[in-house]
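Here is a short report on one protein model. It starts from a single residue in a strand and works outward from there.

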Amino acid sequence: MGDTGKHGWVLDGFPVSAEQAQSVQDAGLEFDKFIQVEVDVETLVARLSGNLGNTEESVREKAEAHQETATAVAKVFKLREVKITGSSEEEMVQALDRLITGAVVC
């Protein structure tokens with residue numbers, strides 16, 4: 001990541017466990033923000049039910065499992081955590097843009 005010092009970097013979907021988060025810390029990787037996109041479960045159900053075979057029940061189960069792991073990861077990075085809402089796609093994109101302007105997406 002040659003330009004990381006100049007432009008920054010984004011890891012999307014990593015780390016996914018507290019162990020991976022601790023490994024990032026232990027490796028000495030520095031970052032400014034740990035961004036969590038919060039989406040209401042009912043919004044997720046409405047958006048994802050019926051897509052790619054997802055049922056309402058499977059979406060709820062996946063959301064619950066994700067929340068548990070996201071909470072564990074957030075505890076490791078709590079001092080850098082930034083939460084944004086994902087209720088509206090447009091608002092979420094605008095919030096992310098404000099947070100990562102100038103960063104290199106990896």
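Glutamine 36 counts as buried, because its relative accessibility is 13% and the cut-off for buried is under 20%. The model is a predicted one. Glutamine 36 lies in strand S2. Leaving out residues up to four places away in sequence, glutamine 36 touches Ala70, Ala74, Glu81, Val82, Lys83 and Ile84.

**Overall layout**

The protein has five helices and four strands. Read from the N terminus, the elements run α-β-α-β-α-α-β-α-β. The protein has 106 residues, and 20% of them count as buried. Among contacts with a separation of 6 or more, 69% join residues 24 or more positions apart.

**The nonpolar core and its aromatic pair**

In soluble globular proteins, nonpolar side chains tend to be buried together. Here the largest nonpolar core has seven residues: Ala21, Val24, Phe31, Phe34, Val73, Ala74 and Phe77. Two elements, helix H2 (18-26) and H4, give two or more residues to this core.

Phenylalanine 34 belongs to that core. Beyond its neighbours within four places in sequence, phenylalanine 34 is in contact with Val73, Ala74, Phe77, Arg80, Glu81 and Val82. Ala74 is thus a partner of phenylalanine 34 and also of glutamine 36.

How many aromatic pairs does a search of the whole structure find? The search finds one. Phenylalanine 34 and phenylalanine 77 form this pair, and the pair is tilted. The ring centres are 5.2 Å apart, with 45° between the planes. Phenylalanine 34 lies in strand S2 (residues 34-38) and phenylalanine 77 in the loop between H4 and strand S3 (81-85), so the pair ties together parts 43 residues apart in sequence. Phenylalanine 34 counts as buried because its relative accessibility is 13%. Phenylalanine 77 counts as buried because its value is 2%.

**From H3 to H4**

Helix H3 spans residues 41-48, and aspartate 40 caps its N-terminal end. A side-chain oxygen of aspartate 40 lies 2.9 Å from the backbone nitrogen of glutamate 42. Just after H3, glycine 50 takes a positive phi of about 90°.

Leucine 52 lies in the loop between H3 and H4. Its phi is near 50°, a positive value in a residue other than glycine. Is leucine 52 buried or exposed? Leucine 52 counts as exposed, because its relative accessibility is 88%.

Asparagine 54 also has its place in the loop between H3 and helix H4 (56-76). Asparagine 54 counts as buried because its relative accessibility is 15%. Not counting residues up to four places away in sequence, asparagine 54 touches Leu48, Ser49, Val59 and Lys62. With lysine 62 there is a side-chain polar contact of 2.7 Å. Lysine 62 is found in helix H4. Lysine 62 is exposed, because its relative accessible area is 52% and the exposed class begins over 50%. The polar contact therefore joins a buried asparagine 54 to an exposed lysine 62.

The residues with a stated accessibility are set side by side below.

| Residue | Relative accessibility | Class |
|---|---|---|
| Phenylalanine 77 | 2% | buried |
| Phenylalanine 34 | 13% | buried |
| Glutamine 36 | 13% | buried |
| Asparagine 54 | 15% | buried |
| Lysine 62 | 52% | exposed |
| Leucine 52 | 88% | exposed |

**A pocket**

The second largest pocket has a volume of about 450 Å³. Its lining counts 20 residues. Those nearest the pocket centre are Val37, Val39, Leu44, Ala63 and His66. Which elements give two or more residues to the lining of this pocket? They are S2, H3, H4 and S3. H4 gives the largest share of the lining, eight residues. H4 also gives two or more residues to the largest nonpolar core.

**A cis peptide bond**

One backbone detail lies outside the regions above. The peptide bond from phenylalanine 14 to proline 15 is cis, with omega near 0°. Proline 15 is found in the loop between strand S1 (9-10) and H2.

How values were computed. Residues are numbered from 1 along each chain as its sequence is written. This is a predicted model: local features need pLDDT of at least 70, side-chain atom pairs count only at pLDDT 80 or more; totals for chains, interfaces and linings use all residues. Side-chain values use heavy atoms; hydrogens and water are left out. A polar contact is a pair of N or O atoms within 3.5 Å; within protein, one must be able to donate a hydrogen and the other to accept it, and residues adjacent in sequence count only if both atoms are side-chain atoms. Buried means under 20% relative accessible area, exposed over 50%, partly exposed in between (1.4 Å probe, protein chains only). Contact means heavy atoms within 4.5 Å. A nonpolar core is a set of buried Ala, Val, Leu, Ile, Met, Phe, Trp, Tyr and Cys residues joined through side-chain atoms within 4.5 Å. Rings of Phe, Tyr and Trp (its six-membered ring) pair if their centres lie within 6.5 Å; planes under 30 degrees apart count as stacked, over 60 as edge-to-face and the rest as tilted. On a 1 Å grid over the protein atoms alone, a cavity is a set of points where a 1.4 Å probe fits but cannot get out, and a pocket is an open set with protein on both sides within 12 Å along at least five of seven lines; lining residues have an atom within 4 Å of a point. Grid points are joined across faces, edges and corners, and a volume is the space filled by probe spheres set on the points.
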